[in-house]
Amino acid sequence: MDIATLRNANPDHWKKATAIRALAMDAVQAANSGHPGMPMGMADVATVLFEKHLKFDAAAPDWADRDRFILSAGHGSMLLYALLYLTGYEDMTLDQIRNFRQWGSITAGHPEYGHAKGIETTTGPLGQGISNAVGFAIAEEALRAEFGAKTVDHHTYVIAGDGCLMEGISHEAIGLAGHLKLGRLIVLWDNNDITIDGRVGLSDSTDQRARFAAAGWRVLSCDGHDPADIDRALNEAKGSDRPVLVDCKTIIGFGSPKKADTSGAHGSPLGDAEIATTKEIYGWPYGPFEIPADVLQSWRAIGARGAATRAEWEAGFARLSASRQADFTRRMAGQPSRKLEAAIRAFKKQISETTPKVATRKSSEMVLEVINGIMPETIGGSADLTGSNNTKTGGLGVFTAQDRKGRYVYYGIREHGMAAAMNGMALHGGIKPYGGTFLCFTDYARGAMRLSALMGVPVSYVMTHDSIGLGEDGPTHQPVEHLAMLRATPNIHVFRPCDTVETAEAWELALTSARTPSVLALTRQGLPTLRTQHKTKNLTAQGAYVLAEAEGKRRAILMASGSEVEIAMAARDLLQAEGIGVRVVSFPCWELFEAQSEAYRRKVLPAGPVRVAVEAGLRFGWDRWLADERGRREKAGFAGMEGFGASAPAPQLYQEFGITADSVADKVRALL
């Protein structure tokens, strides 16, 4: 269908879609940076979606039962920003469009969650959006099963490009979605056959339609520039009992005489002359950022058309019992259960009295037994390591295509897809997701975990087998650099608890966090209860604290996390027997300790004593606490790993790598 035919056949639609194209061209040109081609190619699809199908109200962007729209192809961000401005989202002004990609604007190069209403998730790293969408769809199904279709009844729509479908994470996501039969998930594939390097055929010959069908999806197609055909496909998609891929055949840079259907429209401005020519072809005689009043009015009507549906929903919601309303509202706001604090305190008291010796992965399971019983919003899971991660507690049930009330997801060997889906669940609201794998395999989940931190989404990552202590599986599975990598990432709380009490405190902090994801690094090997005196205060919240004070003059401070706190305590016993006063500081969370006042940090780590840190990982980062914070490099030591591990029983590995009480004591003596 050529442009003249399209304009004449659908003049009203054409004007609305052209407004998107014009804003995209103008904004990218003004910034001298960006991707105009995708918004130009998908403007018709987006216009039909927002005008005739998407359930939303621009005046109430946080309406709980709105459809979710995710722009997985985040490089085409001007498509989303144009839609938000045109439909009347209050914070998306024309000035923000003019300041696309500029300092202080909410119109970042790629959509960033929290910058503006209507941005459901941060996209840009390709494949993340479509994978988040699986989590959004899981959350919708779970909440609809729990609260009923009168309260939760919406779709998740995604625009994804060729790049999203090439990324490996997409394979994990579409496989999981197909297996779970997430029928409220609709992916609109911008099938324009172009990547930055050129034709898709340069690097890929995958039959995407067959691929999705093989994964259990329904596959439809449409002409991505024919509004009637787009409407037909979307109507069909909404009636599916499986997730749907709509193959939207489009032309990137649609209408540009020189750059349409080429990579030239992908990642750079069209140029003033090309924009002028393209607008002439469009029949758009308006200057930069100029939208005629009648077109803007039509778009604003689209933005308001969901108001009646929202009002009807609110009336129905008001008819629920007060407790039901309060529970739903609390959960959608991400607020923890008021029962949590008391439950954790009671659990800690019990553990301090019974002093079990268990692996902290088992400690985590014990805590989750308490948490899952009082917080119906938790949905757990594991990437095929349920028995090793200890993430499934009694009575959760399993979330399946047949049972949406189950609260445990078997993710299969899909670490990255699991992490991205958990981001989606948390972003949707109403769900507190947690999921497990081995700490070493944070490598596989890293892309989505970084986005948890960037977005400020409080997902909980249960990462077990956290050191050489896992033993015989060897260096392929033994993390040595991973704690340093995670600690180097902004806005992540990395918890490495030393016993069951600290594990309970870490879980309390993870579940009450508003804007920070948490990693719980947990052991395979059993650890004694070191916190044998019950304290109601959450000491882990301080990041580090004095676990055992020196007897006599304090001459050394031992710092340790996780399984090595036990070793530090044993080294203290050796040294105290020689009259050397030793303080032991448990260090479950660096980030929280760094956030404490200077006065508190000075109290825990005063000047004077020699310092030795003990951790079965690399030294990288520990000098922050050894040599800084009133320490001295020449009076600091480290007992830990210097390279990769080995395959052997854990006790022998600790001996061979010198992470023992005797070795720690020797380091203290040498420093003294």
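Which residue in β7 is the bridge partner of valine 187? In this predicted model, that partner is leucine 245. The pair can be placed within the wider contact between strand β3, residues 185–191, and strand β7, residues 244–249, which run parallel and are joined by 6 bridges.

These two strands belong to an open sheet of 5 strands, in which the order is β1-β2-β3-β7-β6 and the pairing is parallel. The edges of the sheet are occupied by β1 (68–71) and β6 (218–223), and because each has a single partner strand, one side of each is left without a neighbour in the sheet. On average, and with direction ignored, neighbouring strands of this sheet are turned by 20 degrees against each other. Helix α3, formed by residues 37–53, packs on the sheet, where it touches β1, β2 (156–161), β3 and β7; the direction of helix α3 makes about 150 degrees with that of β3.

Backbone conformation was also examined in two loops. Aspartate 384, a residue other than glycine, has a positive phi, near 70 degrees, and is placed in the loop between β9 (378–382) and α17 (386–389). Asparagine 390 likewise is not a glycine, yet its phi is positive at about 60 degrees; this residue lies in the loop between α17 and β10 (408–410). With a relative accessible area of 12%, asparagine 390 falls under the 20% limit and is therefore classed as buried.

Technical notes:
Residues are numbered from 1 along each chain as its sequence is written. This is a predicted model: local features need pLDDT of at least 70, side-chain atom pairs count only at pLDDT 80 or more; totals for chains, interfaces and linings use all residues. Side-chain values use heavy atoms; hydrogens and water are left out. Two strands pair if DSSP finds at least two bridges between them. Helices (H or I, at least four residues) and strands (E, at least two) are DSSP runs, numbered from the N terminus. Axes are lines fitted to C-alpha atoms, for helices over the stretch in contact, and angles run from 0 to 180 degrees between N-to-C directions. Contact means heavy atoms within 4.5 Å. Buried means under 20% relative accessible area, exposed over 50%, partly exposed in between (1.4 Å probe, protein chains only).
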